[in-house]
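Biologist: I have just opened this one and don't know my way around yet. Could you walk me through it, one question at a time?

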Amino acid sequence: MARMNKEEQARREGMAYAFKIAKERGIDGLEKELRLRNITKLPVAIKEKDVEEWCDGMKNQTVDSVGILAMVSLRDGFGFGKKRLLEFREIFNNKTDCITNPDWSCWDDQIAILKEECGIDTFIRQNE
């Protein structure tokens with residue numbers, strides 16, 4: 001029997017991977033996996049769990065960075081001292097928790113609050 005060429009071997013490995021995903025998570029799970037791979041261009045060798053862990057780490061790093069920048073801005077621009085900065089950080093972290101739990105709040109809710117209660121139009125720039 002002739003040896004399989006690399007392309008045929010890759011196809012068969014892809015079929016086996018898709019079968020495994022469909023068996024474990026169903027057709028909807030396979031569809032989700034395909035969407036993830038197509039959107040992110042992630043190689044199949046990288047597990048979804050690893051991607052989620054990395055994303056969680058990046059979210060935490062971003063929240064920490066924005067929080068620090070906000071605190072420094074409040075100190076420099078409005079004279080906030082230690083007590084008010086710590087109060088701000090607690091409120092900021094609570095709002096962050098609300099945003100990260102989709103059952104509690106979302107960005108659109110926060111944008112609407114600023115618009116309705118303060119008359120401030122704001123948006124989140126999209127990285128496409």
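**Charged pairs, pocket and overall form**

Modeller: Happy to, and keep in mind that this is a predicted model. Let's begin with aspartate 121, which counts as exposed because its relative accessibility is 61%, and exposed here means over 50%.

Biologist: Which side chain does aspartate 121 meet in a salt bridge?

Modeller: In general, side chains of opposite charge can pair when their charged atoms come close. For aspartate 121 the N to O distance is 3.0 Å, and a salt bridge needs the two atoms within 4 Å. The partner is partly exposed, at 43% relative accessibility. That partner is lysine 115.

Biologist: And which residues do salt bridges with shared partners join into one network?

Modeller: Here the salt bridges have partners in common, and that is what links them up. The network is made of Glu7, Glu8, Arg11 and Arg12.

Biologist: How many salt bridges does a search of the whole structure find?

Modeller: Besides the ones we've covered, aspartate 50 pairs with lysine 49 at 3.9 Å, N to O. Aspartate 50 is partly exposed, since its relative accessible area is 35%. Searching the whole structure gives a total of 10.

Biologist: Glutamate 33 forms a salt bridge with arginine 25. Is glutamate 33 buried or exposed?

Modeller: The closest N and O atoms of glutamate 33 and arginine 25 are 3.3 Å apart. Arginine 25 is partly exposed, with 37% relative accessible area. Glutamate 33 has a relative accessibility of 2%, and the cut-off is under 20%, so glutamate 33 counts as buried.

Biologist: Where is glutamate 87 found?

Modeller: Glutamate 87 has 41% relative accessibility, so it counts as partly exposed. From glutamate 87 to glutamate 116 there are 29 residues in sequence and 24 Å in space, C-alpha to C-alpha. As for its place in the chain, glutamate 87 belongs to residues 82-100, which is helix α3.

Biologist: Let's turn to empty space. How much lies in the largest pocket?

Modeller: Rolling a probe the size of a water molecule over the atoms shows where empty space is left. For the largest pocket, the volume comes to about 910 Å³.

Biologist: Which residues are closest to the centre of the largest pocket?

Modeller: The lining has 23 residues. By class, 12 are nonpolar, seven polar and four charged. Closest to the centre are Val66, Phe92, Ile99, Trp107 and Ile124.

Biologist: Which element gives the largest share of that lining?

Modeller: The elements that give two or more residues to the lining are α2 (48-78), α3 and α4 (107-118). The largest share is seven residues, and they come from α2.

Biologist: Zooming out, what pattern does the protein chain follow along the sequence?

Modeller: The protein chain has four helices and zero strands. Read along the sequence, that gives α-α-α-α.

Biologist: Why is the protein chain said to be more spread out than a compact globule?

Modeller: Along the principal axes, the C-alpha atoms fill a box of roughly 80 × 30 × 25 Å. For 128 residues the globule rule gives 14 Å, and the protein chain is well over that, so it is more spread out than a compact globule: its radius of gyration is 22 Å.

Biologist: Last one: what percentage of the residues of the protein chain count as buried?

Modeller: Buried means under 20% relative accessible area, and glutamate 33, at 2%, counts as buried. Of the 128 residues of the protein chain, the share that counts as buried is 13%.

Definitions and conventions
Residues are numbered from 1 along each chain as its sequence is written. This is a predicted model: local features need pLDDT of at least 70, side-chain atom pairs count only at pLDDT 80 or more; totals for chains, interfaces and linings use all residues. Side-chain values use heavy atoms; hydrogens and water are left out. Buried means under 20% relative accessible area, exposed over 50%, partly exposed in between (1.4 Å probe, protein chains only). On a 1 Å grid over the protein atoms alone, a cavity is a set of points where a 1.4 Å probe fits but cannot get out, and a pocket is an open set with protein on both sides within 12 Å along at least five of seven lines; lining residues have an atom within 4 Å of a point. Grid points are joined across faces, edges and corners, and a volume is the space filled by probe spheres set on the points. Ala, Val, Leu, Ile, Met, Phe, Trp, Tyr, Cys and Pro count as nonpolar, Asp, Glu, Lys and Arg as charged, and the others, Gly among them, as polar. The radius of gyration is taken over C-alpha atoms; the globule rule is 2.2 Å times the number of residues to the power 0.38.
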